[in-house]
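Open the model in your viewer and keep the selection tool at hand. This tour tells you what to pick next and what is there.

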Amino acid sequence: MLFRDWAVSLGLGPTVVETGELILGELAANAVLASTGPGRYIELRFAPADGALRIEVSDAGDGSPVVRQPKPLDEHGRGMVLVGALADKWGVVLRSGPGKTVWVVLELSGPDPLTG
């Protein structure tokens, strides 16, 4: 809800809002799974940057996200497939202290296909 309200207040189109919300949810869910135990915080950041929307999710987990090839009946493994398909760019950087930051860029140029 926070992301949606913020993105709408900036006048971002419905496709960017929906895509950003989906990506943020997937990355946050991965971070929750990666950051178990006391003192393992998750940070969410999103901001416009040079004609794009940048979303970052940081966690204290050791591993990096992997784009899998899930089978039809697999219960997990589709989150990063979605992120990879929807993002214009994405990557992972190590952060000081434990963990990493997964970042995503959604370009804002051009008309929104839902609104024209």
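The stops below run from a central strand to a helix and then to the surface of this predicted model.

**Stop 1: strand β4.** Select residues 100-107. Seven of these eight residues are buried, so the rest of the structure largely encloses the strand.

**Stop 2: strand β2.** Add residues 52-59. β2 runs antiparallel to β4, and eight bridges join the two. For one pair to check, pick Ser-58: its bridge partner in β4 is Thr-101.

**Stop 3: strand β3.** Now add residues 89-94. β3 also pairs with β4 in the antiparallel sense, here over six bridges. Click on Trp-90 and look across to Val-104, its bridge partner in β4. Then follow the chain from β3 to β4: the two form a hairpin, with five residues between them. Stop at Gly-97 in the turn, where phi is positive, at about 85°.

**Stop 4: helix α3.** Select residues 79-86. Which residues of α3 are buried? They are Gly-79, Met-80 and Val-83. Turn the view to look down the axis of α3: the buried residues fall within an arc of 85°, so they line one face of the helix. Their cover includes α2, β3 and β4.

**Stop 5: a surface patch.** Select Leu-22, Leu-82 and Leu-86. Together they form a nonpolar patch on the surface, with about 210 Å² of accessible area. Leu-22 sits in helix α2, residues 14-34. Its relative accessibility is 35%, so Leu-22 counts as partly exposed, since that class lies between the 20% and 50% cut-offs.

Notes:
Residues are numbered from 1 along each chain as its sequence is written. This is a predicted model: local features need pLDDT of at least 70, side-chain atom pairs count only at pLDDT 80 or more; totals for chains, interfaces and linings use all residues. Side-chain values use heavy atoms; hydrogens and water are left out. Patches are made of residues with over 30% relative accessible area and no salt bridge: like charges are joined within 9 Å, nonpolar side chains (Val, Leu, Ile, Met, Phe, Trp, Tyr) within 5 Å. Accessible areas come from the Shrake-Rupley method with a 1.4 Å probe; for residues, only the protein chains shown count as cover. A salt bridge is a side-chain nitrogen of Lys or Arg within 4 Å of a carboxyl oxygen of Asp or Glu. Helices (H or I, at least four residues) and strands (E, at least two) are DSSP runs, numbered from the N terminus. Buried means under 20% relative accessible area, exposed over 50%, partly exposed in between (1.4 Å probe, protein chains only). Two strands pair if DSSP finds at least two bridges between them. The arc is that of the directions from the helix axis to the C-beta atoms. Contact means heavy atoms within 4.5 Å.
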